[in-house]
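Please open the model in your viewer and keep the sequence panel at hand. We will walk through it one selection at a time.

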Amino acid sequence: MAETTLRDKVAVIGGGEKNLGGLLSRDFADAGAKVVVHYHTGENEAEQTVKAIRDAGGQAVSVHGDLTKVADVRRLFDTAVDTYGGADIAVNTTGMVLRKPILETSEEEYDRMFGINAKAAFFFIQEAGRRLNDHGKIISLGTSLLAAFTDGYSTYAGGKAPLEHFTRAAAKEFADRHISVNTVAPGPMDTPFFYPQETPERVEFHKSQAMGHQLTQIEDIAPLIRFLATEGWWFTGQTMFPNGGYTTR
Ligand SMILES: NC(=O)c1ccc[n+]([C@@H]2O[C@H](COP(=O)([O-])OP(=O)(O)OC[C@H]3O[C@@H](n4cnc5c(N)ncnc54)[C@H](OP(=O)(O)O)[C@@H]3O)[C@@H](O)[C@H]2O)c1
């Protein structure tokens, strides 16, 4: 029997078409939520995710957006309000990874990395704070690199680092309305996002750093996000590291 813990809730999932975001869209719909599935380039994946939700008896709609543009972030939340009458949960899984030495990183790469990992994350939190109903939940995706001392990921870890501060400030600023704000920061996850930046040797190294010598699976992360979106309202202003003990220290 399907869970109904999110019955009558509306969830906006940034990057909700595939991988972790796709799983969350289907999970939340399974639990009774109406889901706004955001996508960037993955129109087909968004259609498939929405179809899977509708075929299972749930409600979902897809919306395109480049979330580095504030107008597109606003349109995402407009869609939730116009289609379902409001929003209760906002999860931003968008991001971009680059593994490159500082000395080889261009201005264009820096701007692109900070555009999606920092600017889009900020305005997603801002718009969620404006548009969510009281008792809402805001969850952003960070990376376990926020706690690492390592090379190569300056613009990825650096681009995600402001999330911790955005999260704490928003948790304070939205607390009167009982809106909780958190960042979930997984270790290397077994999705197509991860592999293009790594060599086979480094993939093996990353596996060696976690419990059971394996990469994080999206199914390992989804339960924490589901918890934060449901019973976990008292957890706020936190960055959580569900990473199987992964460390690159
Ligand atoms: N996989 C890992 O190893 C790992 C580890 C720790 C944390 N994370 C974080 O977890 C989150 C989910 O990652 P994932 O593995 O599930 O990969 P993913 O599905 O590729 O997630 C990244 C999402 O960001 C979207 N995106 C990129 N640029 C965008 C833009 N300008 N506007 C709007 N959306 C944009 C991508 O869409 P397009 O592909 O269409 O551009 C994609 O939907 C990311 O924030 C990532 O940083 C990943």
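Start by selecting α1 and α8: α1 passes α8 in a right-handed crossing. Keep in mind as you look that this is a predicted model. In the sequence, α1 covers residues 19–30, and α8 covers residues 218–229. Their axes lie 10 Å apart and the helices pack at an angle of about 50°. Angles from 35 to 65 degrees fall in the oblique class, so α1 and α8 are oblique to each other.

Now show the side chains at this contact. From α1, pick Asn19, Leu20, Leu23, Leu24 and Asp27; they meet Ile218, Ile221, Ala222, Ile225 and Arg226 in α8. By class, the contact of α1 with α8 has 7 nonpolar residues, 1 polar and 2 charged.

Stay with α1 and bring up the ligand. Which helix gives the largest share of the shell around the ligand? Helix α1 does, with 3 residues. There are 25 residues around the ligand, and those that come nearest are Gly15, Asn19, Thr41, Gly95 and Phe193. Asn19 is thus one to label twice, as it is also among the α1 residues that meet α8. Colour the shell by class and you will find 10 nonpolar, 13 polar and 2 charged residues.

Next, hide the helices and look at the sheet. Its 7 strands run in the order β3-β2-β1-β4-β5-β6-β7, with parallel pairing, and the sheet is open. At the edges are β3 (59–64) and β7 (238–240); each has a single partner strand, so one side of each has no neighbour in the sheet. From one strand to the next, the twist averages 20°.

For a closer view, select β1 (residues 10–14) and β2 (residues 34–39), which pair in the parallel sense over 4 bridges. One pair to click on is isoleucine 13 and its bridge partner in β2, valine 37.

Bring two helices back over the sheet. Helix α2 (residues 43–55) lies across β2 and β3, at about 170° to β3. Helix α6 (residues 162–173) lies across β5, β6 and β7, and runs at about 165° to β6.

Our last stop is α3 (residues 70–84) with α4 (residues 107–131), whose axes come within 9 Å and cross at roughly 35°. This crossing, too, is right-handed. Select Val70, Val73, Arg74, Phe77 and Val81 in α3, and you will see them meet Ala120, Phe123, Phe124, Glu127 and Arg131 in α4. The residues of this contact divide into 7 nonpolar and 3 charged, with no polar ones.

Methods: Residues numbered from 1 in each chain as written. Predicted model: local features only at pLDDT ≥ 70, side-chain atom pairs only at ≥ 80, totals over all residues. Pairing = 2+ DSSP bridges. Axes fitted to C-alpha atoms, helices over the stretch in contact; angles between N-to-C directions. Contact = placed C-beta atoms within 7 Å. Near = placed C-beta within 6 Å. Nonpolar A, V, L, I, M, F, W, Y, C, P; charged D, E, K, R; others polar. Parallel < 35°, antiparallel > 145°, perpendicular 65-115°, else oblique. Left-handed = near helix turned anticlockwise from the far one by under 90°.
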